[in-house]
Amino acid sequence: MGLFPRQIDGRYAMIGRQDNENLYLIYSDDLYCWEGGVAILRPQFPWEFVQIGNCGAPIELDEGWLLLTHGVGPIRRYSIGAVLLDKKDPSKLLARAREPLLRPELSERGGYVPNVVYTCGAMRHGEKIVLPYAISDTFCSFGSIEISALLRIMES
């Protein structure tokens, strides 16, 4: 589950998977009770057909909420994607990456948990998103991307 870093319309908001497949937007008035929720993201592309999940908390940008996702595709291959949600109403999807930002390459597909590239979150540093990630539970690395470039690769 990923808690939004600030309240939206006076309520706390969180992204989480309440089933085994989709991502939900859930609101709370007190941080203790999280009920209901509405599915806002469903698997759409082949690299995420099995299920999707969030990779940490949403990151606030001028353009909206950047949410990194993980998608599970064929042969349980985990890849990292991105979506942009509306700043005032995060149930509205503004843009979505058609292809993953990171996916396990052939040379990275072995290890304790094969076929996996995963992150637990990223951070904004100036005009870049810095993304720590792990590969097959064997080693880790960092990547970065300019926010403007990231927004260009997401489709509306």
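How many bridges join strand β5 to β7, and do the two run parallel or antiparallel? Four bridges join β5, which covers residues 51-54, to β7, and the two strands run antiparallel. Keep in mind as you look around that this is a predicted model.

**Strand β7 and its neighbours**

Let's stay with β7 for a while. This strand spans residues 64-72, and nine of its nine residues are buried. On the β5 side, glutamine 51 stands opposite valine 72 of β7.

β7 also pairs with β6, again in the antiparallel sense, over three bridges. Two residues link β6 to β7 in a hairpin. Here glutamate 60 has tryptophan 65 of β7 as its bridge partner.

Then there is β8, joined to β7 by eight bridges, with the two strands running antiparallel. Tryptophan 65 turns up again in this pairing, standing opposite leucine 85 in β8. β7 and β8 form a hairpin too, this time with five residues between them. In that turn, isoleucine 75 has a positive phi of about 50 degrees.

A general point may help you when you look along any of these strands: in a regular strand, side chains alternate between the two faces of the sheet.

**Salt bridges**

Now for the charged side chains. The count of salt bridges comes to six, and the table shows three of them.

| Pair | Closest N to O distance |
|---|---|
| Aspartate 29 and arginine 11 | 3.0 Å |
| Lysine 87 and glutamate 60 | 3.6 Å |
| Arginine 103 and glutamate 99 | 2.8 Å |

Start with the salt bridge between aspartate 29 and arginine 11. Aspartate 29 lies in the loop between β3 and β4, while arginine 11 lies in the loop between β1 and β2, so the pair ties together parts that are 18 residues apart in sequence. Aspartate 29 is exposed, at 57% relative accessible area, whereas arginine 11 is partly exposed, at 32%.

What does the salt bridge between lysine 87 and glutamate 60 tie together? Lysine 87 sits in the loop between β8 and β9, and glutamate 60 belongs to strand β6, so this pair connects parts that are 27 residues apart in sequence. Lysine 87 is partly exposed, with 26% relative accessibility, and glutamate 60 is partly exposed as well, at 30%.

In the third pair, arginine 103 is partly exposed at 30%, and glutamate 99 is partly exposed at 46%. Some salt bridges also share partners: in this way Arg6, Glu60 and Lys87 are joined into one network.

**A cavity**

Is the inside filled or hollow? A search of the whole structure finds one cavity of 30 Å³ or more. The largest cavity holds about 40 Å³ of space. Its lining residues include Trp47, Glu48, Ile52 and Thr69, along with Ala82, Val83, Arg96 and Ala97. By class, five of the lining residues are nonpolar, one is polar and two are charged. β8 and β9 each supply at least two residues of this lining.

**Cysteines without disulfides**

Finally, how many disulfides does a search of the whole structure find? The answer is zero. Take cysteine 120: the closest cysteine sulfur belongs to cysteine 55 and is 7.5 Å away, which is too far for a bond. Cysteine 120 is exposed, with a relative accessible area of 66%, while cysteine 33 is partly exposed, at 36%.

Notes. Residues are numbered from 1 along each chain as its sequence is written. This is a predicted model: local features need pLDDT of at least 70, side-chain atom pairs count only at pLDDT 80 or more; totals for chains, interfaces and linings use all residues. Side-chain values use heavy atoms; hydrogens and water are left out. A salt bridge is a side-chain nitrogen of Lys or Arg within 4 Å of a carboxyl oxygen of Asp or Glu. Buried means under 20% relative accessible area, exposed over 50%, partly exposed in between (1.4 Å probe, protein chains only). On a 1 Å grid over the protein atoms alone, a cavity is a set of points where a 1.4 Å probe fits but cannot get out, and a pocket is an open set with protein on both sides within 12 Å along at least five of seven lines; lining residues have an atom within 4 Å of a point. Grid points are joined across faces, edges and corners, and a volume is the space filled by probe spheres set on the points. Ala, Val, Leu, Ile, Met, Phe, Trp, Tyr, Cys and Pro count as nonpolar, Asp, Glu, Lys and Arg as charged, and the others, Gly among them, as polar. A disulfide is a pair of cysteine sulfur atoms within 2.5 Å. Two strands pair if DSSP finds at least two bridges between them.
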